[in-house]
Amino acid sequence: EQGWVALLQARLRAKGYGHRVVNASSSGETTGGALARLPRALATHRPAIVIVELGSGDAQQRHTDAGMRADIRRVLHLTRAIPCVRWLSLKIAGVNAFYQGYVERADDFNRILAQEVARHANARVAPYRQWAAARPDSFKADGLHHTEPGKTRFAAFIDGVAGNCPG
């Protein structure tokens, strides 16, 4: 089993790019939790592109709008000097009822995310919600985690998202 990060790295190498892909995430973490590690990760790796996949933990734990907005703003503030920041919208279609809190709050997170990202010239929301809805066979029964073929498709999606960065 290979994760999407290794698959993305292999795609980039095959295209002749020398970029290094670093996964600084922790599965299921909230945006607030990730903020504790983000400054160090940015200082250590000095990225030109940052792909943010945060928010599902916030939605699952039913964080308030104000709390989600504050955390999104903090991430965007920390990444303000990065030339290209792409934040994946939350997927909604096909998510298992076990994640009911997530389903109930994902639209709110996506709405707040779009509002906040619009204020930053270096940042965009990547349409993961739409991508995922069109590829239900890319997910396990829980509707959130990728199947093995789904990881390959997701790596290709991220490659396209990063490919839309300037420069």
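## Starting in the middle of the sheet

Let's begin with a pair of residues: Val-52 has Trp-87 as its bridge partner in E2. Keep in mind throughout that this is a predicted model. Strand E2 covers residues 84-88 and is joined to E1 by 4 bridges, with the two strands running parallel. Another facing pair here is Ile-49 and Cys-84, the latter in E2.

On its other flank, E2 pairs with E3, again in the parallel sense and again over 4 bridges. Here Val-85 has Ala-123 of E3 as its bridge partner. Put together, that gives an open sheet of 3 strands in the order E1-E2-E3, with parallel pairing. E1 and E3 (123-126) each have a single partner strand and stand at the edges, so one side of each has no neighbour in the sheet. On average, neighbouring strands are turned by 20° against each other, direction ignored.

## Faces of the strands

How many of the residues of E2 are buried? The count is 5 of its 5. Cys-84, Arg-86 and Leu-88 are on one side, Val-85 and Trp-87 on the other, and both faces are covered. Note that Arg-86 is on that list of buried residues too.

E1 (residues 49-52) is another story: Val-50 and Val-52 make up a covered face, while Ile-49 and Ile-51 make up an uncovered one. So, what of the side of E1 within the sheet? As an edge strand, E1 has a single partner, so one of its sides lacks a neighbouring strand as well.

## The nonpolar cores

In soluble globular proteins, nonpolar side chains tend to be buried together. In this model the largest nonpolar core has 27 residues, and the members touching the most others are Val-52, Ile-72, Trp-87, Tyr-102 and Phe-109. The bridge partners from the opening, Val-52 and Trp-87, are thus both among these well-connected members. At least two residues of the core come from each of H2 (31-35), H3 (38-45), E1, H5 (65-78), E2 and H6 (100-117). The top contributor is H6, with 6 residues.

Phe-109 is a good place to look around. Beyond its neighbours within four places in sequence, Phe-109 is in contact with Thr-31, Leu-54, Gly-55, Asp-58, Met-68, Ile-72, Trp-87 and Leu-90. Two of the names on that list, Ile-72 and Trp-87, also belong to the group touching the most other core members. There is also a second, separate core of 14 residues, and its members include Leu-8, Leu-88, Tyr-128 and Trp-131.

## Helix H3, inside and out

H3 has a buried set made of Leu-38, Ala-41 and Leu-42. Viewed down the helix axis, the buried residues fall within an arc of 95°, so they line one face of H3. An α-helix has 3.6 residues a turn, so residues three or four places apart point the same way. The buried residues of H3 pack against H2, E1 and H5. Over on the other side of H3, Arg-40, Ala-43 and Thr-44 are exposed.

## Two arginines with positive phi

Most residues other than glycine have a negative phi. Arg-46 goes the other way, with a positive phi of about 45°. Arg-46 sits in the loop between H3 and E1, and at 70% relative accessible area the residue is exposed.

Arg-62 also has a positive phi, about 55°, without being a glycine. Where does Arg-62 lie? The spot is the loop between H4 (56-60) and H5. With a relative accessibility of 45%, Arg-62 counts as partly exposed.

## The disulfide

Searching the whole structure turns up 1 disulfide. Cys-84 and Cys-165 form this link, with their sulfur atoms 1.8 Å apart. The torsion about the S-S bond is -55°, making the link left-handed. Distant parts of the chain are tied together here: Cys-84 is in strand E2 and Cys-165 in the segment after H8 (148-163), 81 residues apart.

Are the two cysteines buried or exposed? Cys-84 has a relative accessible area of 1% and is buried. Cys-165, at 12% relative accessibility, counts as buried as well. Cys-84 therefore shows up in several roles: a buried residue at 1%, a strand residue standing opposite Ile-49, and one end of the disulfide.

Methods. Residues are numbered from 1 along each chain as its sequence is written. This is a predicted model: local features need pLDDT of at least 70, side-chain atom pairs count only at pLDDT 80 or more; totals for chains, interfaces and linings use all residues. Side-chain values use heavy atoms; hydrogens and water are left out. Buried means under 20% relative accessible area, exposed over 50%, partly exposed in between (1.4 Å probe, protein chains only). Two strands pair if DSSP finds at least two bridges between them. A nonpolar core is a set of buried Ala, Val, Leu, Ile, Met, Phe, Trp, Tyr and Cys residues joined through side-chain atoms within 4.5 Å. Contact means heavy atoms within 4.5 Å. A disulfide is a pair of cysteine sulfur atoms within 2.5 Å. The arc is that of the directions from the helix axis to the C-beta atoms. Axes are lines fitted to C-alpha atoms, for helices over the stretch in contact, and angles run from 0 to 180 degrees between N-to-C directions.
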